Amino acid sequence: MFKKAILYSMIFGISLSAIGCSSDDEAEIPAGTLGSVYYLNFKPEQDGDWKQLASMYTELTGVRVDVVTAASGEYETTLLSEIGKSEAPTLFQVNGPIGLEGWRDYTYNLAGTPVYQQLKSDDFALIEDGKVCGIAYVLETYGLIYNKELLEKAGYTADDITNFETLKAVTDDIQARKDELGIKGAFASAGLDGSSDWRFKTHLANIPIYYEYENDGIATTEAIKGTYLDNYKAIWDLYITNSTTDPAQLSAKTGNDAVAEFVNGDAIFYQNGTWAYNDIKSIGDENLGILPIYIGVDGEENQGLVTGSENYWCVNQFAAPEDIQATLDFLYWCVTSDEGKDIIAHQMNFVTPFIGFTEEYLPANPLIVAADEYITQGKTSVDWCFSTIPSEEWKNGVGSALKAYSAGLGTWEAVEDAFIDGWESEYKLMNSF
């Protein structure tokens, strides 16, 4: 391992101490052993970028890096399947404190490792009893993306939308004039297919959760009260009645459908985040804007966008020692080398919490610029509270209830039951071990 560290120091200009290696490492890892990396990637949209980075790193170092990307919505299932194999992932991710619950025992302590030392703050780490179980690798923002040109064609600008009341007035008017405007609906389809429903059973659901936490002065709960579920219903009804798609058809509508509707100019608004930039940039940076998701809460005129992370790298502590070291080395290279930073910032369009990502390594993404403007204006960012959601099953229960309600086959009371009762039962189940 010490010989490999010398090779890295020659290639990348990294000191042996920065890598965290010393001659003592030879006692732990036999000389000449070359570890490998298996990254189980969460983000399908970055599959090609990670494989490019892996290939580049292998060419530079001779260390094999395999990237496998789970299908959208299937990450936990895939990880469960892969973790028990003889060649299990050496690098995986969890979505926050709740996601860590099932994987804590698999996590290598990243305290003191070079990649952990690159974090700007411990705010971006999952730390329990002094153990650094995971580190965030991307900070993301989401809201209501909109087409500036089409919005202006309809006679409005973003300045006309400052709360739910004005959002409803604008989108109701646009929907009434859709034929005149040459569009199919104010909003792109709120698809409830598995490739799209996370936008609503998780990201949209985050808004009422956030406001309940703020109202009660808490950061998590074992029993959600549903204080703002009437507001959740109001924004959901707005989405599905002012849409490109009949509500009864939403269960079959995919994420790709929503992207196509927005890019083709069939819709003006599209709920998604900064990570969607590559999918929609063809309409032109000058036409891309993003608004807060307003749901009718007092004071929401001062609300900003939803900003946080549900993407935390974890290293598998049960991997072979040489594979653990190879994984740590790869991560360090990704966040410190010019090659790694360039791809992460300019191809993946990630905003990261690492100190080496200086101004030249900020993504050329107008949605990120807009998010920064909200912060500059003093708007209050909405936290990513959905990392406290008790389980994936809770999300699925809410998603199923939304499908039935939208298709006219279920009631909103069933959505509330899935939200409130489902939370309590899943919390108890997940904390009963």
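**Notes on the predicted model**

1. Let's start with a salt bridge. Asp66 pairs with Arg64, and their closest N and O atoms sit 2.8 Å apart. This is a predicted model, so please read each distance here as a value computed from predicted coordinates. Both partners have some access to the surface: Asp66 is partly exposed at 30% relative accessible area, and Arg64 is partly exposed as well, at 43%.

2. Next pair: Lys85 and Glu82. They form a salt bridge with 2.6 Å between the closest N and O atoms. How do the two ends fare for accessibility, buried or partly exposed? Lys85 comes out partly exposed, with a relative accessible area of 43%, whereas Glu82 is buried at 14%. The cut-off for buried is under 20% relative accessible area, so the 14% of Glu82 falls on the buried side.

3. Lys253 and Glu261 make another salt bridge, and here the closest N and O atoms are 3.8 Å apart. A salt bridge in this note needs a side-chain nitrogen of Lys or Arg within 4 Å of a carboxyl oxygen of Asp or Glu, so a pair at 3.8 Å still gets counted. Lys253 is partly exposed, with a relative accessible area of 22%. Since partly exposed begins where buried (under 20%) ends, Lys253 at 22% is not classed as buried. Its partner Glu261 is buried, at 9%.

4. What about the wider salt-bridge picture? The count for the model comes to 17 salt bridges. Some residues are joined up beyond a simple pair: Lys43, Glu45 and Glu140 are linked in a network.

5. Now for charge without a bridge. Which residues gather in a patch of negative charge on the surface? They are Asp338, Glu339, Asp342, Glu359 and Glu360. Residues have to be free of salt bridges to enter a patch, so these five acidic side chains have no such partner in the model. Asp338 belongs to helix 16, which covers residues 338-346. Its relative accessible area is 48%, so it is classed as partly exposed, because exposed calls for over 50%.

6. Two residues deserve a look at their backbone angles. Asp129 has a positive phi of about 50° although it is not a glycine. You'll find Asp129 in the loop between strand 4 (125-128) and strand 5 (131-136), and it counts as exposed at 87% relative accessibility. Asn349 is the other one: its phi is positive too, about 60°, and again this is not a glycine. Asn349 sits in the loop between helix 16 and helix 17 (366-376). Is it buried or exposed? Buried, at 6% relative accessibility.

7. Pro353 is also in the loop between helix 16 and helix 17. At 1% relative accessibility it counts as buried. Its C-alpha atom is 6.5 Å from that of Tyr137, although the two positions lie 216 residues apart in chain numbering. I'd look at this loop with Asn349 and Pro353 side by side, given that each of them is buried.

8. A couple of other contacts across the sequence. Val382 is part of strand 12 (residues 380-383) and is buried, with a relative accessible area of 1%. Its C-alpha atom lies 9.1 Å from that of Pro292, and the two residues are 90 apart along the chain. Gly194 is in the loop between strand 7 (185-187) and helix 10 (198-204), and is partly exposed at 38%. What separates the C-alpha atoms of Gly194 and Ala252? The distance is 8.9 Å, for residues 58 apart along the chain.

9. Finally, the overall fold. The protein chain contains 19 helices and 12 strands. Its radius of gyration is 23 Å, close to the 22 Å that the globule rule gives for 433 residues, so the chain is as compact as a globular protein of that length. Along the principal axes, the C-alpha trace spans about 70 × 50 × 40 Å. Of the 433 residues, 55% are buried.

Methods. Residues are numbered from 1 along each chain as its sequence is written. This is a predicted model: local features need pLDDT of at least 70, side-chain atom pairs count only at pLDDT 80 or more; totals for chains, interfaces and linings use all residues. Side-chain values use heavy atoms; hydrogens and water are left out. Patches are made of residues with over 30% relative accessible area and no salt bridge: like charges are joined within 9 Å, nonpolar side chains (Val, Leu, Ile, Met, Phe, Trp, Tyr) within 5 Å. Accessible areas come from the Shrake-Rupley method with a 1.4 Å probe; for residues, only the protein chains shown count as cover. Lys and Arg count as positive and Asp and Glu as negative; His and the chain ends are not counted. The place of a charge is taken as NZ of Lys, CZ of Arg, CG of Asp or CD of Glu. Helices (H or I, at least four residues) and strands (E, at least two) are DSSP runs, numbered from the N terminus. Buried means under 20% relative accessible area, exposed over 50%, partly exposed in between (1.4 Å probe, protein chains only). The radius of gyration is taken over C-alpha atoms; the globule rule is 2.2 Å times the number of residues to the power 0.38.
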